[in-house]
Amino acid sequence: MTQCYLNGEFLALDQAKISVLDRGFLLGDGVYEVIPAYHGKLFRLQDHLKRLQNSLHGIRLKNPLSTEQWSDVLQKLVNQNNPEEDQSVYLQVTRGVAKRDHAFPENTAATVFAMSNPIKYPTPDVIQNGVAAITLQDNRWLRCHIKAIALLPNVLLRQQAVDEGVDEAILLRDGLVTEGAASNVFVVKNNTICTPPQSPDLLPGITRDVVLELARSNDLYIHECPISEAELITADEIWLSSSTKEVLAVTELNKKKVGDGKPGAVWKTISSLYKAYKEKL
Ligand SMILES: Cc1ncc(COP(=O)(O)O)c(C=O)c1O
């Protein structure tokens, strides 16, 4: 049985229990992170912990663990599961257990939970052929840079994509691309790569950072710039990035081919740079 961590204890996942009064359960009052571990090594751990700190700051919740404590807990969790297999570590911090009230409780300990599961990578066929997406209006709140556990809008948007037989929803706010329901978005036009700049409208993806770094250090043209709906629709290439998808080409948007309907040349370059980067770790 998968081992998990709950409030200072390592235990089997099916033994982990929380109160029904937990504010994460009742109010969605908490934040989370997803961190890949490759061959037992947590990928960009410090960046994930920094983003966690920013999310906690965003919801005015004190970080219950120090960086060292987080590193220790998460590494132990990876080691107790199968470190040979690539894993995806999920952690969440909620504002704890208290009588139900929207206002913050006083002197309540945060609930800290983490679990680790094998990464479910896209299949080689999906990687080679790319995925389909639709555009939808971004109807989420205005603080999407916080990795909040309250994901109902993302859930509904992603399900709308699934109901329409595609893999992801690419979101538009005021005519501009923000991100995917569970990914960041890049477009390529005339060999120039573009991704929306960081703002409260989108999550500062760790994979997005890796793509920016790899592109810049390999002399690819990459900019952080607003992307209009028209620019998205006429792009030569569209990519999605996330910790578990890595960089995936979108080859069909709103039932129309993107470029020639196959992952493009620039995607091939970035994808092999990503692979080489991972292997070097
Ligand atoms: C809304 C959203 N944007 C972007 C991302 C990508 O972030 P990362 O690259 O850190 O996984 C995710 C990841 O799940 C996400 O849920």
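Glu33 finds its bridge partner in strand 5 at Leu91. That pair belongs to a longer run: strand 3 (residues 30-38) and strand 5 (residues 87-94) pair in the antiparallel sense, with eight bridges between them. Pro36 also takes part in the picture, standing opposite Ser88 in strand 5. Pairing here calls for at least two DSSP bridges between two strands, and the elements themselves are DSSP runs numbered from the N terminus, with helices being H or I over at least four residues and strands being E over at least two.

A word on the model. It is a predicted one, where local features need pLDDT of at least 70 and side-chain atom pairs count only at pLDDT 80 or more, while totals for chains, interfaces and linings use all residues. Residues are numbered from 1 along each chain as its sequence is written, and side-chain values use heavy atoms, leaving out hydrogens and water.

Back to strand 3: eight of its nine residues are buried, so the strand is largely enclosed by the rest of the structure. Buried stands for under 20% relative accessible area, exposed for over 50%, and partly exposed for anything in between (1.4 Å probe, protein chains only). Strand 3 also runs antiparallel to strand 4 (residues 41-42), to which two bridges join it; in one pairing, Ala37 has Leu42 as its bridge partner. The two strands make a hairpin with two residues between them, and His39 in the turn shows a positive phi of about 45°.

Zooming out, six strands build an open sheet in the order 2-1-6-5-3-4, with antiparallel pairing. Strand 2 (9-12) and strand 4 sit at the edges with a single partner strand each, so one side of each is left without a neighbour in the sheet. Helix 3 (residues 67-80) lies across strands 1 to 6 and runs at about 140° to strand 5. Contact means heavy atoms within 4.5 Å; axes are lines fitted to C-alpha atoms, for helices over the stretch in contact, with angles from 0 to 180 degrees between N-to-C directions.

Then there is the ligand. Of the 17 residues around it, Arg51, Glu179, Ile206, Thr207 and Ser243 come nearest, where near means a heavy atom within 4 Å. A polar side-chain atom of Glu179 lies 2.6 Å from a ligand nitrogen atom, and one of Thr207 lies 2.6 Å from a ligand oxygen atom.

How values were computed
A polar contact is a pair of N or O atoms within 3.5 Å; within protein, one must be able to donate a hydrogen and the other to accept it, and residues adjacent in sequence count only if both atoms are side-chain atoms.
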